[in-house]
Amino acid sequence: MTCLHGFTQHGDSWAEVTRLAGGGHSWLTPDLTATTGAGAIAEVLELWRREGVERSHLVGYSQGGRLALDLACGHSDRLLTLTAVAAHAGLEGRARERRRAEDLELAARIERDGVEWFARHWAALPLFAGLARRGPEFLDRLHRARLRNDPRQLAATLRGRGGAAGEPFWERLPAISVTTLLVAGAQDQRYVRAAGRLSRRIAGSRVAIVPDAGHAVHLEQPEAFAALLAAHLSSR
């Protein structure tokens with residue numbers, strides 16, 4: 001089982017899910033360091049080579065979910081199942097242009113103002129409002145995890161693997177030939193719509209909408225997500 005974290009996160013962000021999902025799986029939860037999509041795919045493939053993994057269940061969240069989808073398009077034969085959480089296959093048109101400009105501006109400010117400023121800025125985004133349901137201790141733990149990031153690495157990753165950095169790959173999605181679960185939080189309507197669009201491109205895929213959850217489904221509702229994941233893996 002290979003789990004790919006989102007932007008600002010690390011492999012240990014999956015610790016709660018791995019404990020809850022159980023099932024006797026061996027878990028690979030790498031800290032991804034590549035700053036381009038192609039580089040990150042190569043990083044995962046190299047991890048599998050080192051670990052002697054021929055095929056793996058693959059799970060990805062947000063930026064990691066987009067990476068998982070992209071990897072699956074070109075390497076479906078290396079997967080057992082695919083799970084993409086709060087993900088899309090690239091922004092398009094004016095939305096892409098607008099997001100690209102925003103990401104470049106944010107990257108420059110991270111380099112200028114540092115990781116402490118960025119961690120507080122990122123936590124305050126409406127996208128992550130649902131995390132407050134886990135309480136102040138959990139939020140403090142997330143904040144400390146974000147502070148572990150190098151601002152130069154964050155900025156480079158945003159420029160190279162941000163939502164608008166790579167070319168959209170919606171047309172390649174039919175190449176995915178493994179059992180696929182597409183997860184979104186009910187309060188994250190943009191990604192509910194994205195999950196529906198993904199499902200229309202990936203044959204036999206299933207959409208699961210988690211109640212009382214926003215963008216960070218696996219962190220906001222870990223028990224519900226772990227149950228979905230366990231059922232998905234057992235359905236193969």
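**Entry 1: H2 and H3**

I began with a helix pair, and H2 and H3 turn out to be roughly perpendicular to each other. I'm working from a predicted model here. The axes of H2 (residues 37–51) and H3 (residues 63–75) cross at roughly 70 degrees and come within 10 Å. I took 65 to 115 degrees as the range for roughly perpendicular, so that crossing qualifies.

Next I listed who touches whom. From H2 I got Gly 37, Ala 40, Ile 41, Val 44, Leu 45 and Trp 48. H3 answers with Leu 67, Asp 70, Leu 71 and His 75. Sorted by class, this contact has 7 nonpolar residues, 2 polar and 1 charged.

**Entry 2: the bent helix, H4**

What does H4 span between its end C-alpha atoms? I get only 28 Å for residues 93–123, where a straight helix of 31 residues would span 45 Å. I then went looking for a bend and found a kink of about 120 degrees, centred on Gly 114.

Gly 114 is itself on the buried list for H4. I also have Arg 96, Asp 103, Leu 106, Ala 107 and Ile 110 down as buried, then Val 115, Phe 118, Ala 119 and Trp 122. I noted to myself that an α-helix has 3.6 residues a turn, so residues three or four places apart point the same way. Which helices do the buried residues of H4 pack against? They pack against H5 (136–147) and H6 (151–161).

I checked one exposed position on this helix as well. Arg 112 sits in H4 and is exposed, with a relative accessible area of 59%. I also looked up its distance to Leu 182, which is 70 residues away along the chain: the two C-alpha atoms are separated by 37 Å.

**Entry 3: H4 against H6**

I stayed with H4 and took its pairing with H6. Their axes come within 8 Å and cross at roughly 170 degrees. That makes the two helices roughly antiparallel.

The H4 side of the contact includes Asp 103, Leu 106, Ala 107, Ile 110, Val 115 and Phe 118, and I had those down as buried in the previous entry. Arg 100, Leu 104, Ala 108 and Glu 111 also take part from H4. On H6 I wrote down Pro 151, Leu 154, Ala 155, Leu 158 and Arg 159. The class count for this contact is 11 nonpolar, no polar and 4 charged.

**Entry 4: Ala 87**

I moved to the loop between strand E3 (79–85) and H4, where Ala 87 is found. Is Ala 87 buried or exposed? I have it at 5% relative accessibility, so it counts as buried.

I skipped its neighbours within four places in sequence and listed the rest of its contacts: Ser 62, Gly 65, Arg 66, Leu 69, Tyr 191, Ala 194 and Leu 198. Ala 194 is the one I followed up: it is 107 residues from Ala 87 in sequence, yet 7.0 Å away in space, C-alpha to C-alpha.

**Entry 5: positive phi**

Most residues other than glycine have a negative phi, and I looked for departures from that. Thr 8 has a positive phi of about 80 degrees although it is not a glycine. I placed Thr 8 in the loop between strand E1 (2–4) and helix H1 (15–21). Thr 8 is also buried, with a relative accessible area of 6%.

Asp 212 goes on the list too, with a positive phi near 55 degrees. I found Asp 212 in the loop between strand E5 (206–210) and helix H8 (217–220).

**Entry 6: around Pro 211 and Gln 221**

Pro 211 lies in that loop between E5 and H8 as well. I have Pro 211 at 56% relative accessibility, so it counts as exposed. Which residues does Pro 211 touch, not counting those up to four places away in sequence? I got Ala 186 and Gln 221. For a far reference I took Glu 171, 40 residues from Pro 211 along the chain, and their C-alpha atoms are separated by 30 Å.

I finished with Gln 221, which is in the loop between H8 and helix H9 (222–234). Leaving aside neighbours within four places in sequence, I found Gln 221 in contact with Arg 133, Val 210, Pro 211, Asp 212 and Ala 213. Val 210 and Gln 221 are 11 residues apart in sequence and 8.0 Å apart in space, C-alpha to C-alpha.

Terms used: Residues are numbered from 1 along each chain as its sequence is written. This is a predicted model: local features need pLDDT of at least 70, side-chain atom pairs count only at pLDDT 80 or more; totals for chains, interfaces and linings use all residues. Side-chain values use heavy atoms; hydrogens and water are left out. Helices (H or I, at least four residues) and strands (E, at least two) are DSSP runs, numbered from the N terminus. The expected span of a helix is 1.5 Å times one less than its number of residues. The bend at a residue is the angle between axes fitted to the seven residues ending there and the seven starting there. Buried means under 20% relative accessible area, exposed over 50%, partly exposed in between (1.4 Å probe, protein chains only). Contact means heavy atoms within 4.5 Å. Axes are lines fitted to C-alpha atoms, for helices over the stretch in contact, and angles run from 0 to 180 degrees between N-to-C directions. Angles under 35 degrees count as roughly parallel, over 145 as roughly antiparallel, 65 to 115 as roughly perpendicular and the rest as oblique. Ala, Val, Leu, Ile, Met, Phe, Trp, Tyr, Cys and Pro count as nonpolar, Asp, Glu, Lys and Arg as charged, and the others, Gly among them, as polar.
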